[in-house]
Amino acid sequence: MSKLVIVGTVAFDAIETPFGKTDKILGGAATYIGLAASQFKVDGAIVSIVGGDFPKEDLKMLEENGMDITGLEVVEDGKTFFWSGKYHNDMNTRDTLITDLNVLADFNPQVPQKYRDAEVVMLGNLHPLVQLGVIEQMDAPKLIVLDTMNFWMDSALNELMQVIAKVDVVTINDEEARQLSGEYSLVKAAQKIREMGPNYVVIKKGEHGALLFDDDDVFFAPAMPLREVFDPTGAGDTFAGGFTGYLARTGDYSYDNMKNAVINGSALASFCVEKFGPERLLNLTNSEVHQRIQQFKSLTQFDIKLT
């Protein structure tokens, strides 16, 4: 089993969807990634920052789920990063209402010494210079996965391109892939992004599944059809956690095994949206995860009789 370093936000969210709303609840990319990766019993470390207002019981919860938090800095006289958003009726688009960077504004990530030899690094959505700072602290990782967003394409494109050139996998949504590449076709977009440095590109399409690109090969994983979707927040990060957690667990970074990782990530993401925040991830059982993966298999596996 490989070590996994997770870099991203540990935060407070306030969410409103057509199904209800919350006050401040636990959120953040690193939280979702870590909880999803913990399903594979990986040796994982979270590198992030919170304020003194962050509940001690939530720190304990991360530890109880197998995450090393020695790289999670607590600024006692500071406030934790806070995001508030409202989803539209289609649940695919949302409006950001509040973004308070707070302690994140001065975040200088420090990877714990015992995790600098980690084989797998998951760079959650943060400023590209923060992501670059983590890469420079690592010894010789075998797999670096990058998540980013259109905000950094607009405000820090040069720095983002420096990071992309150093990673093995980029995970972004379809809109971001088109913006980054300048191509509408997702096949052409993935090709352009791969020319920037990474060997693989994962394009997330929300309720329409995910695509994995490698050279001329394309793998598609559908999203699980669900009766109800309460909160899409964190679904992409949960996917990334399942994807990297599975790869760290197996130690196999081949294209064929990445297909398995995409299915595992998609399965965990399908649980995430069933409750507000990370609540559903905190109550998952191994049997539920196994059953959901079997459902994915049934959804996609069939024989075609050719005439």
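**View 1. Left-handed crossing of helices H6 and H7 in the predicted model.** Helix H6 spans residues 174-181 and helix H7 spans residues 186-195. Their axes lie 9 Å apart and enclose an angle of about 60°; the two helices are therefore oblique to each other. On the H6 side, the contact is formed by Asp174, Ala177, Arg178, Leu180 and Ser181, which meet Leu186, Ala189, Lys192 and Ile193 of H7. By class, the residues of this contact comprise five nonpolar, one polar and three charged.

**View 2. Right-handed crossing of helices H1 and H8.** Helix H1 (residues 29-37) packs against helix H8 (residues 235-250) at an angle of about 40°, with 7 Å between the axes. This angle makes H1 oblique to H8. Ala29, Tyr32, Ile33, Ala36 and Ala37 are the H1 residues in the contact; their counterparts in H8 are Asp237, Thr238, Ala240, Gly241, Gly242 and Gly245. The contact of H1 with H8 contains six nonpolar, four polar and one charged residues.

**View 3. Surroundings of Tyr255 in helix H9.** Tyr255 belongs to the helix formed by residues 255-272. With a relative accessible area of 10%, Tyr255 is classed as buried, because the cut-off for that class is under 20%. Apart from neighbours within four places in sequence, Tyr255 contacts Tyr200, Leu212, Asp214, Asp217, Val218 and Phe219. A polar atom of the Tyr255 side chain lies 3.4 Å from the backbone nitrogen of Phe219. Ile25, separated from Tyr255 by 230 residues in sequence, is 37 Å away from it, C-alpha to C-alpha.

**View 4. Surroundings of Leu212 in strand E14.** Strand E14 covers residues 210-214. Leu212 is buried, its relative accessible area being 0%. Beyond neighbours within four places in sequence, the contacts of Leu212 include Tyr200, Val201 and Val202, as well as Asp217, Val218 and Phe219. Leu212 is also in contact with Tyr255, Met258, Lys259 and Val262. The C-alpha atoms of Leu212 and Asn150 are 20 Å apart, and the two residues are 62 residues apart in sequence.

**View 5. Surroundings of Ser48 in strand E5.** Ser48 lies in the strand made up of residues 43-51. The relative accessibility of Ser48 is 1%, so this residue counts as buried. The side chain of Ser48 approaches the backbone nitrogen of Val10 at 3.2 Å. Val10 is also among the contacts of Ser48 outside four places in sequence, together with Gly8, Thr9, Gly71, Leu72, Glu73 and Phe107.

**View 6. Positive phi at Lys41 and at Asp215.** Most residues other than glycine have a negative phi. Lys41, although not a glycine, has a positive phi of about 55°. Lys41 is located in the loop between H1 and E5, and its relative accessible area of 52% makes it exposed. Asp215, likewise not a glycine, has a positive phi of about 50°. Asp215 is placed in the loop between E14 and strand E15 (217-221). Its relative accessible area is 56%, and Asp215 is thus exposed.

Note on methods: Residues numbered from 1 in each chain as written. Predicted model: local features only at pLDDT ≥ 70, side-chain atom pairs only at ≥ 80, totals over all residues. Heavy atoms only, no water. Helix = DSSP H or I, 4+ residues; strand = E, 2+ residues; numbered from the N terminus. Buried < 20%, exposed > 50% of the residue type's maximum accessible area, 1.4 Å probe, protein only. Contact = heavy atoms within 4.5 Å. Polar contact = N/O pair within 3.5 Å; in protein donor to acceptor, adjacent residues only side chain to side chain. Axes fitted to C-alpha atoms, helices over the stretch in contact; angles between N-to-C directions. Parallel < 35°, antiparallel > 145°, perpendicular 65-115°, else oblique. Left-handed = near helix turned anticlockwise from the far one by under 90°. Nonpolar A, V, L, I, M, F, W, Y, C, P; charged D, E, K, R; others polar.
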